[in-house]
Amino acid sequence: MSVPTLLNTVRSHGMRVSTARRSVLEALDAAGEPLTAEELAGGADLASTYRNLETLESIGLVRHVHLGHGPGRYELSGRHDGWTTCQLCGRSTPLPSPALQAIRRAAREAAGFEPDFTHFALTGRCAECRAT
Ligand SMILES: [Zn+2]
């Protein structure tokens, strides 16, 4: 979704497109990875940034994900299907959908379990840390 489409979705929910909401959506659109509320707030009020994130999450535009031990991070919904986070170096990398589908299928067949990778990252060791 482009930023104008995101802003139209905010309006279609009867919500105001404030400067703060617009800047949160623009920052998330420009970011290559999920950002913390502090990163999104910049110098602005952190509490109101959290409120705006909750509002945008409540209408499905934004979601939060936990990558390792740090604070929750925010990204535009639908941008990534799942993440991996290295327990050694802390680097997070999105996992391509086919890989996630294969893992889901394996868990379903083995245990009738349907994993959801959108809220918590898969943790383990990245290729570089495994090589050293
Ligand atoms: Zn690593």
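Student: What pattern does the protein chain follow, read along the sequence?
Tutor: Keep in mind that this is a predicted model. The secondary structure comes to six helices and five strands. Put in sequence order, these elements give α-α-α-α-β-β-β-β-α-β-α.

Student: Okay, and which element gives the most residues to the largest nonpolar core?
Tutor: That core has 11 residues in all, including Leu6, Leu40, Leu61 and Tyr74. Two or more residues each come from α2 (19–30), α3 (37–41) and α4 (46–58). With three residues, the element that gives the most is α2.

Student: Which residues is Leu61 in contact with, leaving aside neighbours within four places in sequence?
Tutor: Leu61 is itself part of the largest nonpolar core, and so are Leu6 and Leu56. With those close sequence neighbours set aside, the contacts of Leu61 are Leu6, Thr9, Leu56, Leu76 and Ser77.

Student: How are α1 and α2 set to each other: parallel, antiparallel, perpendicular or oblique?
Tutor: Helix α1 (residues 3–12) packs with α2 at an angle of about 140°, and their axes are 10 Å apart. Roughly antiparallel needs an angle over 145 degrees, and roughly perpendicular runs from 65 to 115. The two helices are therefore oblique.

Student: How many nonpolar, polar and charged residues does the contact of α1 with α2 have?
Tutor: On the α1 side, you'll find Val3, Leu6, Leu7 and Val10. From α2 come Arg21, Arg22, Leu25, Glu26 and Asp29. Sorted by class, that's five nonpolar, no polar and four charged.

Methods. Residues are numbered from 1 along each chain as its sequence is written. This is a predicted model: local features need pLDDT of at least 70, side-chain atom pairs count only at pLDDT 80 or more; totals for chains, interfaces and linings use all residues. A nonpolar core is a set of buried Ala, Val, Leu, Ile, Met, Phe, Trp, Tyr and Cys residues joined through C-beta atoms within 7 Å. A residue is buried if 20 or more other C-beta atoms lie within 10 Å of its own, exposed if 12 or fewer, and partly exposed in between; C-beta atoms are placed from the backbone. Helices (H or I, at least four residues) and strands (E, at least two) are DSSP runs, numbered from the N terminus. Two residues are in contact if their C-beta atoms, placed from the backbone, lie within 7 Å. Axes are lines fitted to C-alpha atoms, for helices over the stretch in contact, and angles run from 0 to 180 degrees between N-to-C directions. Angles under 35 degrees count as roughly parallel, over 145 as roughly antiparallel, 65 to 115 as roughly perpendicular and the rest as oblique. Ala, Val, Leu, Ile, Met, Phe, Trp, Tyr, Cys and Pro count as nonpolar, Asp, Glu, Lys and Arg as charged, and the others, Gly among them, as polar.
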